[in-house]
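Hello,

As promised, here is the structure for you to look at. My notes follow below it.

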Amino acid sequence: MKGRRGIWRKIDIRGDQTFGDLDRMIRISFNLDTFDHLSEFYSGKKWYRSGFGIIKPIGQGEGANLRIDSIGIGTGSKFGYVYDFGSEVHFYITAQQILEEELSDEDFPRVVSENKKKDYYCSDCAASGKKTIASLECYVCSEEMGKYVYLCDKCAESEKHEDHFMDDIME
Ligand SMILES: [Zn+2]
Ligand SMILES: [Zn+2]
């Protein structure tokens, strides 16, 4: 994940599957929305110049039917993925290994490994000396403070964060 290199997934996918399939696996494995927001895979550094086609939720859109093996990916190939054209969550993708094997279509794509999950603590509780596991990130406060502000459910509902945009902690 761009900006948070410690957050990653290793995914196995077959060449005859599509970028729509990969999109869905990424969304599921990172706990992103599968029924809202556009996404797109792209080559190079600028997604709006070099996209492989827009993917709509639930596997629709021109980019969704593109086969994985149709764009000349080799070992070490790098490309990008952007989820949600509004908040622009970017991921770097590297093709680590290309296997020449016949595989059944069961269970692909699939996550084969991922970063170790760690506990995040509520910033507000910490300010009053308490250690409480956080479940949400307040994007407004993170932006204001210049660091990640995580909150427990209770603090997330406090007046201080009224109207603040929050989401599940990415991990
Ligand atoms: Zn709290
Ligand atoms: Zn806040």
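Please keep in mind that this is a predicted model.

Let me begin with the overall layout. The protein chain is split into two parts by the domain assignment: domain 1 covers 9-114 and domain 2 covers 123-168. Taken over C-alpha atoms, the centres of domain 1 and domain 2 are 31 Å apart.

Next, the metal site. The zinc ion (ligand 1) has as its protein donors the SG atoms of Cys122, Cys125, Cys152 and Cys155, which lie 2.3 Å from the ion. Along the sequence, these donor residues follow the spacing C-x2-C-x26-C-x2-C. What geometry does the site have? The site of the zinc ion (ligand 1) is tetrahedral, and the angles among its four donor atoms run from 102 to 117°.

I also looked at how accessible the donor residues are, buried or exposed. With a cut-off of under 20% relative accessible area for buried, they come out as follows:

- Cys122 has a relative accessible area of 0%, so this residue is buried.
- Cys125 counts as buried because its relative accessibility is 6%.
- Cys152, at 8% relative accessible area, is buried too.
- Cys155 has 15% relative accessibility and therefore counts as buried.

Finally, the sulfur pairs. How many disulfides does a search of the whole structure find? The search returns zero disulfides. As a reminder, a disulfide is a covalent bond between the sulfur atoms of two cysteines. In this model, the SG atoms of Cys122, Cys125, Cys152 and Cys155 are instead listed as donors of the zinc ion (ligand 1).

Best wishes

How values were computed: Residues are numbered from 1 along each chain as its sequence is written. Chains are lettered from A and ligands numbered from 1 in the order in which they are written. This is a predicted model: local features need pLDDT of at least 70, side-chain atom pairs count only at pLDDT 80 or more; totals for chains, interfaces and linings use all residues. Side-chain values use heavy atoms; hydrogens and water are left out. A disulfide is a pair of cysteine sulfur atoms within 2.5 Å. Buried means under 20% relative accessible area, exposed over 50%, partly exposed in between (1.4 Å probe, protein chains only). Donors are N, O and S atoms within 2.8 Å of the metal (3.2 Å for Na, K and Ca); water is not among the atoms, so sites may look incomplete. Four donors count as tetrahedral if all angles lie between 85 and 135 degrees; four count as square planar and six as octahedral if opposite donors are over 155 degrees apart and all others between 65 and 115; anything else is irregular. Domain bounds come from an automatic or database domain assignment.
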